[in-house]
Amino acid sequence: MPLPVPEDAFSEGRPDPEGASLEETFELFSALAPKGWRVELIEGEICVVPPANGEHEKIVTEMVEQVIARRVDKELRNSTGIGLYLPGPTGTVLRVIPDLVIAPRDCFDDQQEWHAPDPVLLVAEVTSSSTASRDRVQKIRAYARAGIPVYLMIDREAAEAVVCSGPSGDDYGHKSIHKLGTVVPLPYPLGFELDTSAF
């Protein structure tokens with residue numbers, strides 16, 4: 001969804017809109033995005049996503065609560081709103097903001113807006129009508145390429161939880177699909193179950 005760009009947005013040292021690179025344009029859109037909106041750079045496309053609806057946030061909150069209650073490793077922490085930069089095709093860089101990131105304690109305790117994916121054990125996305133196609137295709141490629149061990153997608157439209165593990169190249173070697181409302185086992189390095197009946 002495009003954002004309106006004020007006439008003076010490119011003044012005061014900002015890049016000329018005619019000659020701005022994709023990265024510069026992304027930075028501009030990020031700076032202009034209203035509070036609560038997410039701006040991501042995915043395979044050469046700048047994606048602007050409005051704030052999530054209540055059902056989406058309920059699912060994210062429930063996942064966070066269950067991770068806290070059921071995690072085997074008590075050093076694991078949940079993060080929402082964390083920006084990750086990921087390797088893209090042909091040497092490009094992607095910038096994504098997953099709905100949920102699970103990583104060891106203190107991995108993101110700095111002042112950076114964007115972080116390397118190295119410590120991340122799981123990323124989760126909850127689909128919305130505006131993000132579902134990217135969550136199902138481009139983000140699987142991006143998270144696999146980054147070597148993130150587990151990608152959990154809560155596909156609201158399909159009423160499914162998709163667990164992807166074993167990243168290899170641009171895909172995951174193992175994908176298991178579970179109907180929402182069932183118990184979903186999360187593989188190593190998580191090793192606990194997620195009860196989706198609360199979703």
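A residue counts as buried under 20% relative accessible area, as exposed over 50%, and as partly exposed in between. The exercises below apply to a predicted model.

**Exercise 1. Classify Ala159 and describe its backbone.**

Task: Determine whether Ala159 is buried, partly exposed or exposed, and state where Ala159 is placed.

Solution.
1. Ala159 belongs to the loop between β9 (150–155) and β10.
2. The relative accessibility of Ala159 is 33%, so Ala159 counts as partly exposed.
3. Although Ala159 is not a glycine, its phi is positive, at about 55 degrees.

**Exercise 2. Analyse the hairpin of β1 and β2.**

Task: Establish how β1 and β2 run and how many bridges join them, then characterise Glu43.

Solution.
1. The strands β1 and β2 run antiparallel and are joined by 5 bridges.
2. One pairing can be named: Arg38 has Val49 in β2 as its bridge partner.
3. The hairpin has 2 residues between the strands, and Glu43 lies in this loop between β1 and β2.
4. Glu43 is a residue other than glycine, yet its phi is positive, near 50 degrees.
5. With a relative accessible area of 28%, Glu43 is partly exposed.

**Exercise 3. Analyse the hairpin of β10 and β11.**

Task: Identify the residue that takes a positive phi in the hairpin of β10 and β11, and describe the pairing of the strands.

Solution.
1. Strand β10 covers residues 160–168 and strand β11 residues 171–179; they run antiparallel, with 8 bridges joining them.
2. Within this pairing, Val162 stands opposite Ile177 in β11.
3. There are 2 residues between the strands, and Gly169 has a positive phi near 65 degrees.

**Exercise 4. Find the buried face of α1.**

Task: State which residues of α1 are buried and explain why they line one face of the helix.

Solution.
1. The buried residues in α1 include Phe26, Leu28 and Phe29.
2. Seen down the axis of α1, the buried residues fall within an arc of 160 degrees, so they line one face of the helix.
3. As general background, an α-helix has 3.6 residues a turn, so residues three or four places apart point the same way.
4. The buried residues of α1 pack against four named strands: β1, β2 (45–49), β5 (93–96) and β7 (114–115).

**Exercise 5. Describe the two largest pockets.**

Task: Give the volume of the largest pocket and of the second largest pocket, and describe the lining of each.

Solution.
1. The largest pocket holds about 380 Å³ of space.
2. Its lining consists of 23 residues, and Arg38, Ala52, His56, Glu57 and Asp99 lie nearest the centre.
3. At least two lining residues of the largest pocket come from each of β1 (38–42), α2 (54–70) and β8 (122–126); α2 gives the most, with 3 residues.
4. By class, the lining of the largest pocket comprises 7 nonpolar, 8 polar and 8 charged residues.
5. The second largest pocket has a volume of about 300 Å³.
6. This second largest pocket is lined by 15 residues, the closest to its centre being Ser30, Val39, Ile97, Glu113 and Trp114.
7. Both α1 (22–32) and β1 supply at least two residues to the lining of the second largest pocket.
8. The lining of the second largest pocket divides into 7 nonpolar, 4 polar and 4 charged residues.

**Exercise 6. Compare the settings of Ala142, Thr131 and Ser21.**

Task: Place Ala142, Thr131 and Ser21 in the structure, and decide whether each is buried, partly exposed or exposed.

Solution.
1. Ala142 is in helix α4 (residues 138–145). Its relative accessible area is 0%, so Ala142 is buried.
2. Not counting residues up to four places away in sequence, Ala142 touches Leu86 and Leu94.
3. The C-alpha atoms of Ala142 and Thr25 are separated by 21 Å, with their positions 117 residues apart along the chain.
4. Thr131 is in the loop between β8 and α3 (132–136). At 10% relative accessibility, Thr131 counts as buried.
5. With neighbours within four places in sequence left aside, Thr131 is in contact with Val49 and Val126.
6. Ser21 is in the segment before α1. Its relative accessible area is 34%, so Ser21 is partly exposed.
7. Ser21 and Asp195 are 174 residues apart along the chain, and their C-alpha atoms are separated by 44 Å.

**Exercise 7. Locate the cis peptide bond.**

Task: Determine what the omega is near for the peptide bond from Tyr188 to Pro189, and where Pro189 is placed.

Solution.
1. The bond from Tyr188 to Pro189 is cis, with omega near 10 degrees.
2. Pro189 is in the loop between β12 (183–186) and β13 (192–195).

Notes: Residues numbered from 1 in each chain as written. Predicted model: local features only at pLDDT ≥ 70, side-chain atom pairs only at ≥ 80, totals over all residues. Heavy atoms only, no water. 1 Å grid on protein atoms, 1.4 Å probe; cavity = no way out; pocket = protein on both sides within 12 Å on 5 of 7 lines; lining within 4 Å. Points joined across faces, edges and corners; volume = space filled by probe spheres on them. Nonpolar A, V, L, I, M, F, W, Y, C, P; charged D, E, K, R; others polar. Pairing = 2+ DSSP bridges. Buried < 20%, exposed > 50% of the residue type's maximum accessible area, 1.4 Å probe, protein only. Arc of directions from axis to C-beta. Contact = heavy atoms within 4.5 Å.
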